[in-house]
Amino acid sequence: QVRLVESGGGSVQAGGSLRLSCAASGYIINTCMGWFRQAPGKEREGVATINKVGATIYADSVKGRFTISRDNAKNTLYLQMNSLKPEDTAMYYCAAARWDAYCPVTSLVQYNYWGQGTQVTVSS
């Protein structure tokens, strides 16, 4: 059983910052991990992904503002979000794949494990 638990969400004003964390427990190997988000009435979309050696992919909408990272010793995934915009408001989900060969940010189907999400609300 693999569990992913997100934390760090909250409410912030536009231009502010938040740091999300995803703690992994149970058996899990170092494979693709990523952050995805879903706003009300919209499809879930990729935000950023990272493979086992730290290569990253970002959605165009967050490039230059968000940074994904991982701490393998702590089995924790992070998302540093700076210069937040109201359109960043969404439920943010942590995900992990079983394999590291392909770590897309534009597809959800390769991600096998999902957290319950943490809410991020950005006010203008």
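1. Let's start with strand 9 and strand 10 (residues 111–114), which run antiparallel and are joined by three bridges. To find one point of contact on screen, look for Ala95, whose bridge partner in strand 10 is Trp114. Please keep in mind as you read that this is a predicted model.

2. Strand 9 has further partners to look at. With strand 11 (residues 118–123) the pairing is antiparallel and runs over three bridges. Here Ala90 is the residue to pick out, as it stands opposite Val120 in strand 11. Strand 9 also pairs with strand 4, again in the antiparallel sense, this time over six bridges. In that pairing, Phe36 faces Tyr93 of strand 9.

3. How enclosed is strand 9 by the rest of the structure? Seven of its eight residues are buried, so strand 9 is largely enclosed. When you colour the model by accessibility, a residue under 20% relative accessible area is counted as buried.

4. Now turn to the salt bridges. How many does a search of the whole structure find? The search gives four. One of them joins the side chains of Arg37 and Glu45, with 2.9 Å from N to O. The two partners differ in their surroundings: Arg37 is buried, with a relative accessible area of 6%, while Glu45, at 35%, counts as partly exposed.

5. Arg37 has another salt-bridge partner in Asp88, and the closest N and O atoms of this pair are 2.9 Å apart. The pair links distant parts of the chain, since Asp88 lies in the loop between strand 8 and strand 9 (90–97), Arg37 lies in strand 4 (residues 33–38), and 51 residues separate them. Are these two residues buried or exposed? Both Asp88 and Arg37 are buried. Through shared partners, salt bridges join Arg37, Glu45, Arg65 and Asp88 into one network.

6. A further salt bridge is formed by Asp60 and Lys63, whose closest N and O atoms are 3.1 Å apart. Asp60 counts as exposed, because its relative accessibility is 64% and the cut-off for that label is over 50%.

7. Next, please look at the open sheet of four strands, which has the order 1-3-8-7 and antiparallel pairing. Which strands stand at the edges? They are strand 1 (3–7) and strand 7 (66–71); each has a single partner strand, so one side of each is left without a neighbour in the sheet. From one strand to the next, the twist averages 15 degrees.

8. Within this sheet, the pairing of strand 1 with strand 3 (residues 18–25) is a good one to trace by eye. The two are antiparallel and share five bridges. Val5 can serve as your landmark, because it is placed opposite Ala23 in strand 3.

9. Finally, find Lys74 in the loop between strand 7 and strand 8 (76–81). Is Lys74 buried or exposed? Lys74 is exposed, with a relative accessible area of 56%. Try comparing its place with that of Ala14: the two residues are 60 apart in sequence, and their C-alpha atoms are 30 Å apart in space.

How values were computed:
Residues are numbered from 1 along each chain as its sequence is written. This is a predicted model: local features need pLDDT of at least 70, side-chain atom pairs count only at pLDDT 80 or more; totals for chains, interfaces and linings use all residues. Side-chain values use heavy atoms; hydrogens and water are left out. Axes are lines fitted to C-alpha atoms, for helices over the stretch in contact, and angles run from 0 to 180 degrees between N-to-C directions. Buried means under 20% relative accessible area, exposed over 50%, partly exposed in between (1.4 Å probe, protein chains only).
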